[in-house]
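Please look through the sequence and the model below before reading on. The paragraphs that follow take up one region after another and name the residues to find in each.

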Amino acid sequence: MTEQLPVRLVGITKRFPGVVANDGVDLDLRVGEVHGLLGENGAGKSTLMNILFGLYTPEEGQIFVNGQPVIIDSPAKAISLGIGMIHQHFRLVRPFTVTENIILGLDSTPAILDMKAAATRVAQVARQYGIQINPNARIENLSVGEQQRVEILNSLYREANVLILDEPTAVLTPQEAQDLAVTLREMASQGKAVVFISHKLDEVMDVTDRVTVLRRGRKVFEAMTADTSKGELAREMIGHKLEEFKREQKAFIMALTGAGEVTAAGDGSAAGHHEAAAARPVLTVQNLVVNDDRDLPACREVSFEIAAGEILGVAGVDGNGQRELIEALTGQRPALEGHISVNGKDATRWTPRQVIDHDVAVITDDRQGEGLLLKTSVARNTVLKLFERPAFAKRRMLRFGAIDSFAEQLVQDYSISTPGVQVAAAKLSGGNQQKIILARELSQSPALIIANKPTRGLDIGAATYVHQKLSEERDRGAAVLLISADLDELFALSDRLMVIYSGRVMGIMPIEEADLERVGLMMAGTSDGGRPTSEQVTP
Ligand SMILES: Nc1ncnc2c1ncn2[C@@H]1O[C@H](COP(=O)(O)OP(=O)(O)O)[C@@H](O)[C@H]1O
Ligand SMILES: [Mg+2]
């Protein structure tokens, strides 16, 4: 009986400052199963598994291994209990071979290493689980997928009974992901318990026997894979946050203004903008093909338009080409094929400077990276992109007086809470830093606004402010591309919603035709069974 449940987690609670990462989570891992652990980003999957692997200590809860209560206070302890974990970032020594890496990590490294015998043993374990690897290859010559196999082999060599893989397919090509699926099934059939973390529903349906869904730190769902569906899993992952969110937003605004007449950003956003939606396109993207840093396709024939006075929301799980799309649109990444035009001008090969000079505003979540110079004053940050303009510079000399009064005006207009415009941007809260970016980007009445997760990490007040500003800009006539991992935000603000998956446009629909299940399915790579959309882009 006990060996049927090699691991039981009971009531695990783990808090980080400001967030309950795991809230009373129970999880059983059975012999011979691949157990899918699902949830949106931040749901608590990695935290739970890092606890099982001894990287974090929970505040509450108990772990049982083979029926015995244990305290796992280090990875060494986890390994000694037969638990192995394959992280996204590998810990291999690059100049060494596969075998050397496996042998050198062992506690009981034999005094005189017999590399030949060791290599034979490594090859044998690899064969047993159908893992394709040359034991004598040097790590530095291996692809990411092969390095991952070495990590798996490493755990198997140590006779781990429980293997945890944290989003292993995120770094793999589709073919490598297929191979990995075969290996995982093989490990399960030989009696291992495998934890497979992913948010790609196709893979989860394909490879797992059982699934657990976490949402905001809580376990919300568990089922045999055969008894559930992608639609159900998508709903469980996403939850019913929309109404909750709108309530919070309204309550916040009431508290702020002491009255109810200010409507939450996006309330009724879809109404009244359809005349505008028929207006001229500000941004046109046609069959855009862009590769990622590893030179694999990131955007595959992406096509869409945004009209003046329209917000096009882009829904998709992180890492499905959003970043590369934005980089292509802002002159930071080459378009391999296809066309981009802004207000009728060919923008396919614009430099970042040209993008700025053509009234394109960029608002990102990367406030500390590309958005702001943190050590620099608030004043200078407000003119970061503008200081070449005559108002602020004369013969390459900055006109500080003009810059300061410009900044003071923006601080007032955007209610930026700061002791003064000479203070370093680093001294401001995240919300006020984001307001500086908004002020700077929106002060020039941009024709096109590219907003990438503009409210990530902001509290509800600051997020609401950003939402209001984006709606105002849309109402003024700007075209807005809003990329977000937050469906609530997308539903609240968008006039139309585009869903991308694996670099492809799965569909574009008016927001009234979007519902969570439909969007969730598309985000997971399933097009919605022929339901009519006003625009459907199929490759
Ligand atoms: N080391 C840490 N310090 C502070 N907060 C953390 C830490 N690790 C995770 N978190 C927070 O805990 C929550 C769960 O994160 P995580 O377990 O990484 O989620 P997932 O793996 O499901 O994406 C998130 O809100 C995350 O920001
Ligand atoms: Mg994670």
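A convenient place to begin is Leu9, which stands opposite Leu27 of strand β2. The coordinates are those of a predicted model, so every contact and angle described here is a property of that prediction. The pairing to which Leu9 and Leu27 belong joins β1 and β2 in the antiparallel sense over 7 bridges. Between these two strands the hairpin has 2 residues, and in this hairpin Gly18 takes a positive phi near 85 degrees. Strand β1, residues 7-16, is also joined to β4, residues 60-65, by 5 bridges, and these two strands run antiparallel. Within that pairing, Thr13 has Glu60 of β4 as its bridge partner.

Which elements each supply at least two residues of the shell around ligand 1? They are β2, residues 19-29, and α1, residues 45-52, and the largest contribution comes from α1, with 3 residues. The residues around the ligand include Phe16, Val19 and Ala21, and, further along the chain, Gly39 together with the run Asn41, Gly42, Ala43, Gly44, Lys45, Ser46 and Thr47. Sorted by class, this shell has 6 polar, 4 nonpolar and 1 charged residues.

Further along the chain, the helices α4, residues 115-128, and α5, residues 144-157, have axes that come within 10 Å and cross at roughly 100 degrees. Angles of 65 to 115 degrees count as roughly perpendicular, and α4 and α5 are therefore roughly perpendicular to each other. Their contact is made by Val122, Val125 and Ala126 on the side of α4, and by Leu153, Leu156 and Tyr157 on the side of α5. By class, this contact has 6 nonpolar residues, with no polar and no charged ones.

Another hairpin is formed by β11, residues 281-291, and β12, residues 297-307, which run antiparallel and are joined by 7 bridges. Pro281 stands opposite Ala307 of β12. This hairpin has 5 residues between its strands, and Asp295 takes a positive phi near 70 degrees there.

The next feature to trace is an open sheet of 6 strands with mixed pairing, in the order β16-β19-β20-β13-β21-β22. Its edge strands are β16, residues 360-363, and β22, residues 504-510, each of which pairs on one side only. From one strand to the next, the twist averages 15 degrees. At the β22 edge, β21, residues 496-501, pairs with β22 in the antiparallel sense over 6 bridges, and Met498 stands opposite Ile508 of β22. Helix α17, residues 460-476, packs on the sheet by touching β13, β19 and β20, and its direction makes about 150 degrees with that of β20. Helix α19, residues 516-523, also packs on the sheet, where it touches β13, β21 and β22, and its direction makes about 30 degrees with that of β21.

Finally, how confident is the predictor, and which stretches call for caution? The protein chain averages a pLDDT of 84, and 84% of the residues score at least 70. Over residues 240-277, however, the pLDDT is below 50, although this stretch has 46 contacts in the model beyond near neighbours in sequence. Residues 532-539 likewise have a pLDDT below 50, and that stretch has 14 contacts beyond near neighbours in sequence.

Technical notes. Residues are numbered from 1 along each chain as its sequence is written. Chains are lettered from A and ligands numbered from 1 in the order in which they are written. This is a predicted model: local features need pLDDT of at least 70, side-chain atom pairs count only at pLDDT 80 or more; totals for chains, interfaces and linings use all residues. A residue is near a molecule or strand if its C-beta atom, placed from the backbone, lies within 6 Å of it. Helices (H or I, at least four residues) and strands (E, at least two) are DSSP runs, numbered from the N terminus. Ala, Val, Leu, Ile, Met, Phe, Trp, Tyr, Cys and Pro count as nonpolar, Asp, Glu, Lys and Arg as charged, and the others, Gly among them, as polar. Two strands pair if DSSP finds at least two bridges between them. Axes are lines fitted to C-alpha atoms, for helices over the stretch in contact, and angles run from 0 to 180 degrees between N-to-C directions. Angles under 35 degrees count as roughly parallel, over 145 as roughly antiparallel, 65 to 115 as roughly perpendicular and the rest as oblique. Two residues are in contact if their C-beta atoms, placed from the backbone, lie within 7 Å. pLDDT is the predictor's confidence in each residue, from 0 to 100.
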